[in-house]
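Biologist: I am new to this structure. Please take me through one chain closely, beginning with its overall build and then going sheet by sheet and helix by helix.

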Amino acid sequence: MSAPAPDGARALEIEDLDVIYRVRGSDREVLRGVSFSIGAGEAYGLVGESGCGKSTTALAVVRYLPRNGRVRAGSIRLAGEEVLALSRDGLRRMRADRLGMVYQNPADALNPSLKIGLQVAEVFRVRGVARGEALDRARDALVRVQIADPGQVLGRYPHQLSGGMQQRVVIAMALAKDPALLILDEPTTGLDATVEAEVLDLIAALQADFNTAVLFISHNLGVIRKMCERVGVLYAGTMVEEGPVETILHDPRHPYTVGLIRCIPRGGARKDRGRLDSIPGFLPTPGERPPGCIFAARCAMAEEICTEVAPAMHRTSERHGSRCHFHERARELPRATAAELGETLAVDRSGDPLVRLDDVARVFNQSGQHIHALAGVSAAIWPGETLGLVGESGSGKTTLARTLLGIVAPTRGTIELEGRTLPPLAKRTQEDVRRLQIVFQNPDSALNRRHQVRRILLRALRKLGDLSGARAEERLHALVAEVRLADRYLTARPSQLSGGLKQRVAIARAFAGSPSLVVCDEPTSALDVSVQAAILNLLVELQVKERVAYLFISHDLGVVRYISDRIAVLYLGRVMELGPADVVFSGPHHPYTEALLSAVPTIDGGGRERIRLAGEIPSAAEPPRGCVFHTRCHRKLGAVCEEQEPPLVEAEGGHLMRCHIPIEELRRVQLQEPDAIAAGVAGTADEPARGDGAPA
Amino acid sequence: MSAAAVLPDVVPTRVRAHARRETVRLLARSPTFVIGTLIVLWWVFCAFFGASIAPHDPDAGTASTLVAPSGHFLLGTDTLGRDVLSRVLAGARSILTIAPAATALALIAGTSIGLVTGYMSGWVDDVVSRLTEALLAIPLIVLAVTIVVAVGHSTFSLILVVAVLFTPLVARTVRAAVLAERDLDYVPAARLRGERSWYVMFVEILPNVTGPIIVEGTVRLGYAVFTVAGLSFLGFGVQPPTADWAADISTNYGLITSGNYWWTVLFPAIAIASLVIAINMIADGITQVLER
């Protein structure tokens with residue numbers, strides 16, 4: 001990276017920024033003394049968990065704070081100009097000319113009733129460009145974000161484009177004015193891994209071309225690592241650590257950063273090799289300002305001085321600072337969760353499986369089209385094991401889970417529980433209903449917001465455990481203790497609980513009747529990483545105790561790898577690969593799995609060369625002939641892939657694959673090509689959990 | 001012991017006002033809601049005690065007919081010499097019996113239909129929705145008059161007519177709210193513990209759609225006052241000599257042109273208008289607070 005430019009040339013300089021929100025008559029400080037600067041052409045990352053003030057910082061820069069928010073002190077200079085002193089008109093000019101913004105949900109950023117062309121052209125129109133020329137320039141802007149057929153896209157409405165395409169359009173609009181600063185607020189959070197990788201590549205390429213300064217906000221350290229040179233770690237509105245990304249990741253000097261990095265399941269972390277670490281406690285409520293260090297209440301190293309004196313930003317090197325009294329030994333932070341496992345569960349696959357899916361297919365009729373959501377899926381789950389399910393959105397993961405549970409009836413094929421064929425839900429016995437349960441992705445939606453926790457759980461105990469009265473009461477207390485909820489939360493309603501606590505309630509509900517199999521449908525994707533670690537630990541603990549099997553759906557490959565015994569990779573309603581978790585991750589793998597793995601930005605390892613998948617996932621209404629993956633496959637053999645669908649065959653012990661390429665050939669090309677030697681998520685199994693970045 | 005064990009206990013309890021208390025507090029601060037409520041409460045008071053606080057007997061005629069508003073008859077008298085003020089005060093009773101009763105019936109029936117059609121979807125939904133749409137296609141007053149004539153005059157038949165007219169409207173609103181709720185995961189979660197449909201509808205979903213139902217109920221109440229007044233005006237409502245605002249307007253409106261006896265019509269009309277507007281103000285206040 002270049003040395004800091006002279007003062008006037010910095011793209012963004014924030015000094016001692018204090019932002020307060022006025023809530024019910026009292027001021028709550030959401031940002032306190034935040035300072036950082038971004039040089040011209042530099043990409044700066046802001047990372048932290050939800051509620052730490054990342055988005056507030058971005059909103060303050062564009063002076064777009066909510067009505068009850070205001071900047072109390074500090075200064076924000078954009079290319080040397082004080083943003084806070086701008087007049088109404090000056091502010092409008094600044095937003096129109098010098099700032100580009102991209103938010104998380106592209107569908108919200110685009111006007112649904114205006115054609116793309118009109119919206120992109122408006123960026124130029126607002127700056128005084130004539131109508132015809134503005135449209136021409138809109139076309140050029142789309143070309144720059146690598147939209148293949150800009151003429152056609154200009155004439156479409158936002159809903160006719162995929163999420164990745166919409167985000168490209170938003171990026172095109174943000175970059176169209178050649179801004180001094182581009183603010184990206186979680187720009188890829190809602191996108192699939194493969195699409196995310198494409199959008200990130202695009203942003204990186206454009207940033208290099210235009211030499212635009214970027215403020216990149218994300219909760220995902222892997223993404224920050226890929227995109228940024230320097231990063232600031234925010235905690236409860238305070239910048240606790242700042243420095244070059246690689247230094248922060250490999251030599252963190254603040255206990256919060258240390259904890260945050262340890263929470264992430266990565267490298268070869270697996271449930272039978274050790275627990276994940278977590279950060280105890282909760283984010284302080286906004287406005288709560290202890291006299292000492294903001295993190296002291298949750299810090300295992302905190303000493304007396306930490307609760308009394310707020311630490312200054314200590315410079316540990318020229319470019320690296322930490323707001324910790326004991327920054328030189330922050331890495332010695334004791335683990336909050338012991339790594340050792342009490343006992344582990346050995347899965348016995350010699351007996352009969354618990355659940356067997358046999359050639360399950362489901363076709364949905366959608367406005368005259370036949371959507372083949374599942375096209376003949378066969379799999380088995382043994383008692384006490386976790387089958388991980390991965391694949392892009394639209395691959396049929398959720399339909400498969402819902403078919404297993406009986407919410408959706410299969411069009412073809414059978415679902416067996418211990419050898420008995422299960423009918424759809426309405427016809428199942430209460431006993432079968434009890435044995436198959438689910439933990440949903442979003443606890444806000446899964447818990448009835450009008451019912452108290454107590455009522456939710458008692459009802460589950462009554463229906464699933466056939467308990468009532470004093471015995472239900474007794475079991476209720478045991479149940480909440482099992483999911484580590486305090487009794488006092490029983491009288492709370494879901495809205496009064498944090499996301500992690502809500503998910504614990506949902507887990508308790510699923511376990512009320514001692515189920516045999518629990519479907520976990522992305523149970524941690526709505527949670528922060530530190531909470532995710534605690535929930536994953538809980539799920540593993542319950543699995544050992546209750547010998548329950550999981551069907552675990554997730555798009556986070558690190559999480560899937562951590563918790564799964566075996567993994568099934570789904571594409572267009574078909575199992576492309578199924579095998580032991582380590583084998584699927586370390587390879588040789590199906591070309592689709594290979595592409596998925598390479599798309600994920602990781603926080604350690606050099607990372608492999610990313611495999612670019614051509615185009616988007618084909619429509620399930622008209623799946624391609626032959627191998628369904630041939631349209632995007634980077635290892636396509638030729639005509640055989642286009643004409644014959646390969647069968648799912650056992651390539652080696654317990655490892656099934658649907659590919660025309662023999663496994664030995666895959667092993668040769670994947671594991672011996674120098675650029676394909678994997679690290680990161682796909683690292684070898686014996687790589688230490690706290691890898692220091694060296695490729696295996 | 002895992003750290004998760006200490007998690008819940010180190011957190012300071014987040015003190016959050018109970019949602020319902022918060023709603024009441026916001027309503028109390030809304031001027032629209034407060035003024036509307038005061039006016040409605042005044043008319044409710046009159047419905048109970050109007051006849052007792054009236055300065056004269058509302059039904060007894062006197063020799064002083066068509067006296068203009070003056071010190072003795074504050075709002076004047078009508079053709080039979082009855083005190084207009086007393087009749088306005090006493091007339092609150094009939095309309096404030098019929099309109100709320102009809103609205104309540106419509107809410108109960110409409111909510112049930114809306115829950116079933118929204119939750120069941122499929123052919124049940126199709127059939128019931130088409131039927132209600134067919135009912136809505138017939139002009140309201142024509143339908144009302146037809147039913148009253150068929151069923152016969154009585155307070156009860158009037159309540160029934162208005163309830164029947166409003167049920168499909170309530171059902172439509174509830175159905176839309178239920179459709180949105182049905183997509184939330186707590187519904188499949190209930191089915192996955194073997195709950196029956198009626199339980200899912202009435203115990204799980206219903207508490208979550210009370211907001212739209214309350215708003216719809218208030219709006220419907222305003223229209224019910226309107227409709228009942230309209231039917232009374234046409235002679236299908238409360239029969240003379242019982243004091244009734246719309247019936248009094250109907251009896252006296254000829255006098256506006258034949259002589260300048262405006263007070264016989266104006267004051268009952270103001271009473272109707274104030275009640276309808278006040279109810280709508282309440283509805284506005286509630287909508288603003290619930291949809292904040």
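Modeller: Chain A has 24 helices and 24 strands. Keep in mind that this is a predicted model.

Start with the overall build. Chain A holds 696 residues, and a compact globule with that many would have a radius of gyration near 26 Å. The value for chain A is 26 Å, which agrees. Along its principal axes, the C-alpha trace spans about 75 × 65 × 50 Å. Of the 696 residues, 51% count as buried. Now take the contacts in chain A with a separation of 6 or more: 68% of them link residues 24 or more positions apart.

Next, the sheet of 8 strands. This sheet is open, and its pairing is mixed. Read across it in chain A and the order is β6-β7-β8-β3-β9-β10-β12-β11. The edges belong to β6 (99–102) and β11 (314–317) of chain A. Each of these has a single partner strand, so one side of each is left without a neighbour in the sheet. From one strand to the next, the twist averages 20°.

Look at one end of that order. There, β11(A) pairs with strand β12 of chain A, residues 320–322. The two run in the antiparallel sense, over 3 bridges. Opposite A:R315 stands A:G321, in β12(A).

Go to the other end. Helix α7 of chain A, residues 163–176, lies across β6 and β7 (181–185) of chain A. The helix runs at about 170° to β6(A).

A second open sheet has 4 strands. Its order in chain A is β2-β1-β4-β5, and the pairing is antiparallel. The edge strands are β2 (26–38) and β5 (81–82) of chain A, and each pairs on one side only. Strand β4 of chain A covers residues 69–78 and is joined to β5(A) by 2 bridges. These two strands run antiparallel. Here A:R77 stands opposite A:E82, which is in β5(A).

Now for a covered strand. Strand β18 of chain A, residues 436–439, has both faces covered. On one side, A:L436 and A:I438 are buried; on the other, A:Q437 and A:V439 are buried too. The pairing of β18(A) with strand β19 of chain A, residues 517–521, is parallel and has 4 bridges. One position shows the register: A:L436 has A:L517 in β19(A) as its bridge partner. That ties a residue named above as buried to the neighbouring strand.

Last, a pair of helices. Helix α18 of chain A spans residues 499–510, and helix α19 of chain A spans residues 529–546. Their axes come within 10 Å and cross at roughly 15°. That makes α18(A) roughly parallel to α19(A), because angles under 35 degrees count as roughly parallel. The crossing of α18(A) past α19(A) is right-handed. Which residues meet there? From α18(A) come A:G499, A:G500, A:Q503 and A:I507. They meet A:V531, A:A534, A:I535 and A:L538 in α19(A).

To recap the tour: the 8-strand sheet of chain A is mixed, while the 4-strand sheet is antiparallel. β18(A) and β19(A) pair in the parallel sense. The helices α18(A) and α19(A) are roughly parallel.

Conventions
Residues are numbered from 1 along each chain as its sequence is written. Chains are lettered from A and ligands numbered from 1 in the order in which they are written. This is a predicted model: local features need pLDDT of at least 70, side-chain atom pairs count only at pLDDT 80 or more; totals for chains, interfaces and linings use all residues. The radius of gyration is taken over C-alpha atoms; the globule rule is 2.2 Å times the number of residues to the power 0.38. A residue is buried if 20 or more other C-beta atoms lie within 10 Å of its own, exposed if 12 or fewer, and partly exposed in between; C-beta atoms are placed from the backbone. Two residues are in contact if their C-beta atoms, placed from the backbone, lie within 7 Å. Two strands pair if DSSP finds at least two bridges between them. Axes are lines fitted to C-alpha atoms, for helices over the stretch in contact, and angles run from 0 to 180 degrees between N-to-C directions. Angles under 35 degrees count as roughly parallel, over 145 as roughly antiparallel, 65 to 115 as roughly perpendicular and the rest as oblique. A crossing is left-handed if the near helix is turned anticlockwise from the far one by less than a right angle, and right-handed if clockwise.
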